[in-house]
2 protein chains.
Amino acid sequence: MNTGELVELGQQLRVDSVRAAAAAGSGHPTSSMSAADLMAVLFARHFAYDFQRPDHPANDRFVLSKGHASPLMYATLKAAGAIDDEELLTFRDDGSRLEGHPTPRQLPWVETATGSLGQGLPVGVGIALAGRRLDHADYRVWVLCGDSELAEGSVWEAAEQAAYEHLDNLTAIVDVNRLGQRGPTRHGHDLDAYARRFQAFGWHTVEVDGHDVDAVDRACGEALSTRGQPTAILARTLKGKGVESAEDREGLHGKPLPEAEDAVAELGGPRDLRIPARPPSSDGAPPARHTGELVLPRWDKGDEVATRNAFGEALAALGTARGDVVALDGEVGDSTRAEFFAKEHPGRYIECYIAEQQMVAAAVGVAARGWTPYASTFAAFLTRAHDFIRMAAVSGSGINLVGSHAGVAIGQDGPSQMGLEDLAMMRAVHGSTVLYPCDANQTARLVAAMAGLDGIRYLRTSRGESPVVYGPDEEFPVGGSKVLRSSGRDRLTLVAAGVTVPEALAAADALEREGIAVRVIDLYSVKPVDRETLRTAAEETGCLITVEDHHPEGGLGDAVAEAFGDGRPVPRLVRLAVRNMPGSASPREQLRASGIDAESIAVAGRLLVGEAVVS
Amino acid sequence: MNTGELVELGQQLRVDSVRAAAAAGSGHPTSSMSAADLMAVLFARHFAYDFQRPDHPANDRFVLSKGHASPLMYATLKAAGAIDDEELLTFRDDGSRLEGHPTPRQLPWVETATGSLGQGLPVGVGIALAGRRLDHADYRVWVLCGDSELAEGSVWEAAEQAAYEHLDNLTAIVDVNRLGQRGPTRHGHDLDAYARRFQAFGWHTVEVDGHDVDAVDRACGEALSTRGQPTAILARTLKGKGVESAEDREGLHGKPLPEAEDAVAELGGPRDLRIPARPPSSDGAPPARHTGELVLPRWDKGDEVATRNAFGEALAALGTARGDVVALDGEVGDSTRAEFFAKEHPGRYIECYIAEQQMVAAAVGVAARGWTPYASTFAAFLTRAHDFIRMAAVSGSGINLVGSHAGVAIGQDGPSQMGLEDLAMMRAVHGSTVLYPCDANQTARLVAAMAGLDGIRYLRTSRGESPVVYGPDEEFPVGGSKVLRSSGRDRLTLVAAGVTVPEALAAADALEREGIAVRVIDLYSVKPVDRETLRTAAEETGCLITVEDHHPEGGLGDAVAEAFGDGRPVPRLVRLAVRNMPGSASPREQLRASGIDAESIAVAGRLLVGEAVVS
């Protein structure tokens, strides 16, 4: 396309953005109009992509980080022939693929869900990392960012990783339209302010008038020819560009234009330009990823092993068997034991330093390219990435997250390092799987099983050593549980997981000596939860005590309660959990202070099988 | 203190750091040793603070952002006469105030809990903001950062806000010891790399040898004399400085020195220097904050008002009555309605732009100076600040958080904008309060009540209009609930909150018409939960259905289940919640698709009072 055609294409994208939002009665046309020329130039002149074959491995990848500009994205898809005008006008309708903010669940041309700002560039960095470090492919990643979202720290985590990894296959195009949702941004049209920041982080920068299609074209060319560092194109634009009553004006964010028909007329009316096909030049078949027999580590019953160690060893073994497994860690690989993988498979290990948002975003990015990532840090610090995990679920992304140092059992380091909210966070993620093993063999099996699941999978590991309870050939289906102690005389069921399993067993021993038979369930699969086994235990023993190294809300206790949410009679339930704010103390002292050690469990058990009420 | 004494003081801080960690058998002496000279100079020569009066309003404030260097903090407190040597050696013991990472819960010289990296500087920015914008006081804020933690995006959110607000009362001292936990940082000893970043964000920078006490002294002086912008002192240091076997070596992070006695000897043995008293020169009595009569907005029954609007109006009224109330928002004040407060009280409104971590950190910072902050954004985006909220609870901080646009009821914008995990996140925070009003008058009352509570308080608001159910004089105690419909014939209880209250009432009407009497409870206080009313309803009606615009995990259903965790018989329970991944659709279509509208509730009710089982 020549200059005139590019200008026309930009106008078409504006017109279609205005029309889509008008049809929907909501949406963000003005945020689309500022970036229309950027998209026109990028898609018509530089973006190498086969719209008929979105899974083509050599395709470039585009991420709309400013996800609210979805009308522009859909207008572009229409111009590329991927969707038709009729579908465009279903924007935001019930059942339409064209959601208010784009998601890849039904749209194969979308790489990742956006709409929570400051996430598109981080995920784009992950895709670019996959290209350079894993796929060894030539595809480029283009990310359209807003200026407002550059206030998010996650953008600078991404900027840091991209420059450090020399991702010259990555280009961020920033639509500097100077207006956020409620008014001007901090830096307005000061492109230099943004350029200084990107440069300081090691990026090449280009400043352009974002409505000068030739200048934008040259800037994209400059990005293509820049070696050794990513490029940020900082484009001065006007929100609502092309419609005088909307252009550069406040108060029009996130609304259809008041007079949409007039606006379309002012923009020159509908057009039907087609973006020329620009499929990737290379065949781009990715190198085959090897698969071999999985030889998991094995431990003997009675060994004392930390589940974090078992995770590290199992992940390394999984990486040996499967060439698609990638590990990422937040600069604590010596603690999480991800370093075991790093040592064996350095080419598939991505050190993310202390930047948990970027770590999860990078995992989402490499997963989008078909890899199977395991991202690990302390369970407590995964909370840093909560919004990224939430959005990964919206994307339908398949990632594995591993949180170590769970609970008060870590001991002296104190509450800042203790994962006490992670089960609540991970259970509430749509479609998630939450696993919490108590011994090494169980951990190894679950690490392997995670790889084959859909959605967000979470494994919780512990710092200290714990006894190996299971033999190495025991199987642990996701959604299952293990009845560790059972008799026809059971008057009580203890439901435990992780570090509380040995405590529950010891409590059961103590109660047994007093003539109180107790069932013990290892609920290693916190979500999905084994309703059937819990129901049977409830019916046979009448009452259940859950014991967890986690706050009382959202964890094991709630998972068990939910299992009885089917309208049938519910057993008597008591939950033991961490209700105090811990300080520093030994692991044993911590379990005792929180009332989740064997002695505390036994006390609660005696009360429950007697007449007393625990409150 | 002169140069020689400063050097000696630095050695003393090293010796005491080594001794404390040796006594504890754990801790981070090497990370303390790198920064010992920085602390010696700062505390002996520049930090204006009355250790006998930590609540002195004119005191400077110090934040140990690299919280794992707690031995250094405690060694400094000993040198300042705040604690004695005996207490120093209780480091990390059960019951000791000297936790593995510092918290203010028992130590009045600590401003905020640290230990999750990248949080101290953000909170320090909040304290400095309080000094400049609210207290109009001269105190300075000094933050000791690690180099590793500069990888956290939250540091750059803080850097941005500090420069934008011209916080020349803020100094960050970065201990660039080049070694993280598992190995070298990205930038090693390249001080320029960090200086470029801070400069690009608008900071003044000074680069120094962090073991040259005179150079550090001059750098602090330069920070004091810098006007209009914050200063970052980038100090080149060696981890483990002063002990040859530890100095600048990998593999010694977070461990006592192997030969502590030899190390102490190598450092010249124990000393007993005392940091000279440097109380603040001004009296610094803060201006009195006015208190007046609270005149809350009032609405009539039957009005249609969005609870977010009621929040905005009530907060503005609260701000009129109370001079200590401050509002912060993440650039969505026109959506959360925090703008109502901003218009009436611009001097106490802090625009945080799209940086939710920094917004919460700033709230923690201003709360540390005695202000009562309300920080608002979309409920979904509060997940961005999860780790900061968690750490605020560790601090025992009293902050109010308000999440708007809860649930699928927002409609067309789609899942990226829907708070569907926020109740789970906020319930699991230690000591939190979680409120979810259904109408305008209730919202206003709860907004006012929040101010007087301890700990983290969360209010969930809704986007769309909803009918006013309560009169303006109705009271809503925290921990209470409202029985909206009740009779002696009730066969079922519906438990709802927020947008599901009108749905539950409509369902009750429909069932009533079929002869099924239904109790309806408005559970506006999700935590603490009204066990008594729920228990009574259970005993009188036999079964409960919870209905929530939230994922099934961690929200209303779990809160109700927890209310029956006292070991007494449990009623039959069914929970209706958002189990689908929503797309775009109208609010009404969304409630229907998620099965939480009146019709769906009625279906579940019919099943539950019959014999059928809902699964």
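Okay, one term before we start: accessible areas here come from the Shrake-Rupley method with a 1.4 Å probe. With that in hand, the accessible surface of chain A comes to about 17,800 Å², and 46% of that surface belongs to carbon and sulfur atoms. Keep in mind as we go that this is a predicted model.

Let's stay with chain A for the overall picture. Its secondary structure adds up to 23 helices and 19 strands. How compact is chain A for its length? Its radius of gyration is 27 Å, and the globule rule gives 25 Å for 615 residues; those values are close, so chain A is as compact as a globular protein of that length. If you follow the C-alpha trace along its principal axes, it spans about 90 × 50 × 40 Å.

What about the inside? Of the 615 residues in chain A, 71% are buried. And if you take the contacts in chain A between residues at least 6 apart in sequence, 77% of them join residues at least 24 apart. On the charge side, chain A has 60 positive and 86 negative charges, and their mean positions are 2 Å apart.

Now let's zoom in on one helix, α6 of chain A, which covers residues 120-135. Where does this helix bend? The bend is at A:L129, and the angle is about 25°. Why call α6(A) largely enclosed by the rest of the structure? Because 14 of its 16 residues are buried. Right after α6(A) comes A:H136, with a positive phi of about 50°.

Over to chain B, and another helix. Helix α3 of chain B runs over residues 36-46 and is mostly covered, with 10 of its 11 residues buried. Among the buried ones are B:L38, B:M39, B:V41, B:L42 and B:F43, and B:H46 is on that list too.

Last stop, a single residue: B:T205. You'll find B:T205 in strand β4 of chain B, residues 204-209. Is B:T205 buried or exposed? The cut-off for buried is under 20% relative accessible area, and B:T205 has 13%, so B:T205 counts as buried. Who are its neighbours? Leaving out residues up to four places away in sequence, B:T205 touches B:A195, B:F198, B:Q199, B:E222, B:A232 and B:L234. For a sense of distance, B:T205 and B:L296 are 91 residues apart in sequence, and C-alpha to C-alpha they are 47 Å apart in space.

That's the tour, thanks for listening.

Conventions. Residues numbered from 1 in each chain as written. Chains lettered and ligands numbered in written order. Predicted model: local features only at pLDDT ≥ 70, side-chain atom pairs only at ≥ 80, totals over all residues. Heavy atoms only, no water. Helix = DSSP H or I, 4+ residues; strand = E, 2+ residues; numbered from the N terminus. Rg over C-alpha atoms; globule rule 2.2 N^0.38 Å. Buried < 20%, exposed > 50% of the residue type's maximum accessible area, 1.4 Å probe, protein only. Contact = heavy atoms within 4.5 Å. Lys, Arg positive; Asp, Glu negative; His and termini not counted. Charge placed at Lys NZ, Arg CZ, Asp CG, Glu CD. Bend = angle between axes of the 7 residues up to and from the residue.
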